[in-house]
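Hi everyone, thanks for coming. I'd like to walk you through a structure today, so have a look at it first and then we'll go through some details.

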There are 2 protein chains.
Amino acid sequence: MKEAPVASPIERLLTATEAEMAKVNALILSRAHSHVDMVPELARYLIESGGKRLRPMLTVAAAMLFAKGTGTAINFAAAVEFMHNATLLHDDVVDESDMRRGKPAARMVWGNKASILVGDFLLGQAFMMMVETGDIASLGVLSAASAVMAEGEVFQLSKTGDLTTTPADYAEVIRAKTAVLFQAACEVGAMSGGADEAGRQALARYGLELGNAFQLVDDVLDYGGQAGTLGKNTGDDLREGKMTLPIILALSEGSEAERATIAAALGKMDATDAQVAEVVAILEAHKTLTRTMEQAHAHARSAQQALEVLPPSEMRTLLNDVVEFSVLRAY
Amino acid sequence: MKEAPVASPIERLLTATEAEMAKVNALILSRAHSHVDMVPELARYLIESGGKRLRPMLTVAAAMLFAKGTGTAINFAAAVEFMHNATLLHDDVVDESDMRRGKPAARMVWGNKASILVGDFLLGQAFMMMVETGDIASLGVLSAASAVMAEGEVFQLSKTGDLTTTPADYAEVIRAKTAVLFQAACEVGAMSGGADEAGRQALARYGLELGNAFQLVDDVLDYGGQAGTLGKNTGDDLREGKMTLPIILALSEGSEAERATIAAALGKMDATDAQVAEVVAILEAHKTLTRTMEQAHAHARSAQQALEVLPPSEMRTLLNDVVEFSVLRAY
């Protein structure tokens, strides 16, 4: 008899939420519908392009931790995914990105204009799904998240290529643009499941810290991961002038020559691969990729600690273990 | 003793809603705030640029028709104005407009990226203000409006420069992109004021028909008004390829030569003023500006009829009279 391969935490979470996520996915597809053909064409191109649906899965999983289960969480999970996809459509226009999830970005197929407007449509549909639950408290959590996310994107934009950006600025950017939606996804899941105040706060903190870890890892991956392995998209953030922690730390600790090398490539869409490689070498010399990963680990541990107030359960173990997934991506 | 000049209906509505609109304006200013400087700078540039605030004024006025008055209507009025301004920011990016309300468009000052993101922020803030009322039914009306508006913009985009666009397509575009927000503004005002079902429906119809009239007039004004008086911005819609009723009717009734003249200028940003003048002459030959105005009048009358189910009051008279304002702009 062959031994079954050990399932990763993310695979186990996928299995544990499979039946509920089938409902979420059906709702997502039905609400991407419109009599205006371009809307579902563009929306489905993005939504069906193999994203992990981590955020709605967290909403469902958070609800399953508590007694009431996943009734209204299905709507909130679909709404969270729509909000996320609306953000991706607008971000790709703002960042002038050509690719998304390994395919040409929607804006390369349907144009910037349609991407902006379909993003607005998805946001409107997200709020309609929330309204249908009648749960005004959860609506408050997600509408606040929506405003904060946009604010975070503007803050990031205002800091583009700004050599004086501090680690505190960066922490604020990643909290607002990424972690707050993870937080809201988990918090409204807990609320749907009937969590008490302590449970709600635990899941909110879990989501926030997981989101922070997730974005820190993303920003390390953009420079090839902790090993600095150069690949096709290595240096996108550098070329776009995004002030992420590996760059911020290197600028504050590097020599004049190193600062000049970074500044020469930062925000230059036509920076060469050789320039990117030089910058990555500087990040490695100052261990800023490793140190950014250490911060990701600290947030990941904090996410896991947040779960400790909850009674032990299979789902609690899964949510604890899946935190690793967010960090191990970088190796 | 000098006789006071007769106030126009819009001036009388402004006076009648002045105290309540002061609260709406204070709320608008406080909610355009953000610790990210670019957000209030851009938002206030647009919001304070002398728009008439017709939509929030309708919300307030609709509430004042009914017994409960304007309690939650203040929040909904501010939210409606934020939704409208978010739409303007995104529309100006989509239409590549240089000017808005007689000033350079926000995107010309802060760029397309900031305009997209601050639009998203205003939408998030709008929903937060709605959530604070705890009124889930009104939230449903406005979130549905938000999705339909975006859908209408996509539909308009998909019909850009499409010579086969029908009057029915056009009716759907203006309903979705313009009239639905007027409808929602009036409907949630009535709901806030404590209207019964008949009152709510009356105000919804009033807003919808007023909005339809308003957009028809806008589309006539874009060709210089009913008199076809050529001005600085005459022909913007033509150059952007927008399929508005005056053009649709002329294409369906014109000669081959006239169709060719229109097609040669439609959607061409570099169409000359002489080309625009030629097209306007064709619209006049087929009386399509006048006939579009006749449709505007029909919608205006329908808006006024909608009010007839309500008991007579000073505010009912004002709302009846202000409909004229939306139509008289074109002369």
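Let me start with one bit of bookkeeping: the span we expect of a helix is 1.5 Å times one less than its number of residues. Keep in mind, too, that this is a predicted model.

Now try that rule on helix 10 of chain B, residues 197–221. Those 25 residues should span 36 Å, and the C-alpha atoms at the two ends are 36 Å apart, so the expectation and the model agree. Is helix 10 of chain B mostly covered or mostly uncovered? Mostly covered: 18 of the 25 residues are buried.

Okay, on to where the two chains meet. People often give the size of an interface as the accessible area lost when the parts come together. Here, chain A and chain B bury about 3500 Å² between them, and 80% of that is on carbon and sulfur atoms. Each side puts in residues as follows: 39 from chain A and 39 from chain B.

What about the polar side of things? There are 8 residue pairs in polar contact between chain B and chain A, with both residues at pLDDT 80 or more. The count of salt bridges between the two chains is 2. One of them joins the side chains of E96(B) and K113(A), at 3.5 Å from N to O.

Which elements of chain B give two or more residues to the side that touches chain A? They are helix 3 (38–47), helix 5 (73–94), helix 7 (112–133) and helix 8 (136–158). Helix 8 of chain B has the largest share of that side, with 14 residues. By type, the chain B side splits into 22 nonpolar, 10 polar and 7 charged residues.

Let me zoom in on a residue of chain A that touches chain B. Q125(A) sits in helix 6 of chain A, residues 106–133. Leaving out residues up to four places away in sequence, Q125(A) touches R31(A), H33(A), F82(A) and, across in the other chain, A147(B). The side chain of Q125(A) also reaches the backbone oxygen of R31(A), at 2.9 Å. With a relative accessible area of 10%, Q125(A) counts as buried, because the cut-off is under 20%.

Next, a couple of backbone oddities in chain A. R53(A) has a phi near 55°, which is a positive value in a residue other than glycine. R53(A) is in the loop between helix 3 (38–47) and helix 4 (54–64) of chain A. R101(A), also not a glycine, has a positive phi of about 55°. That one is in the loop between strand 1 (99–100) and strand 2 (103–104) of chain A. Buried or exposed, for R53(A)? Buried, since its relative accessibility is 15%. R101(A), at 28%, comes out as partly exposed.

Another loop residue to look at is D196(A), between helix 8 (167–192) and helix 9 (197–221) of chain A. Its relative accessibility is 53%, so D196(A) counts as exposed. The side chain of D196(A) reaches the backbone nitrogen of G199(A) at 2.8 Å.

Last stop, back in chain B: L14(B) is in helix 1, residues 9–16. L14(B) is partly exposed, with a relative accessible area of 41%. From L14(B) to F82(B) is 68 residues along the chain, and their C-alpha atoms are 19 Å apart.

That's my tour, thanks for listening.

Terms used
Residues are numbered from 1 along each chain as its sequence is written. Chains are lettered from A and ligands numbered from 1 in the order in which they are written. This is a predicted model: local features need pLDDT of at least 70, side-chain atom pairs count only at pLDDT 80 or more; totals for chains, interfaces and linings use all residues. Side-chain values use heavy atoms; hydrogens and water are left out. Contact means heavy atoms within 4.5 Å. Buried area is the accessible area (1.4 Å probe) that two parts lose on being put together, summed over both. A salt bridge is a side-chain nitrogen of Lys or Arg within 4 Å of a carboxyl oxygen of Asp or Glu. A polar contact is a pair of N or O atoms within 3.5 Å; within protein, one must be able to donate a hydrogen and the other to accept it, and residues adjacent in sequence count only if both atoms are side-chain atoms. Helices (H or I, at least four residues) and strands (E, at least two) are DSSP runs, numbered from the N terminus. Ala, Val, Leu, Ile, Met, Phe, Trp, Tyr, Cys and Pro count as nonpolar, Asp, Glu, Lys and Arg as charged, and the others, Gly among them, as polar. Buried means under 20% relative accessible area, exposed over 50%, partly exposed in between (1.4 Å probe, protein chains only).
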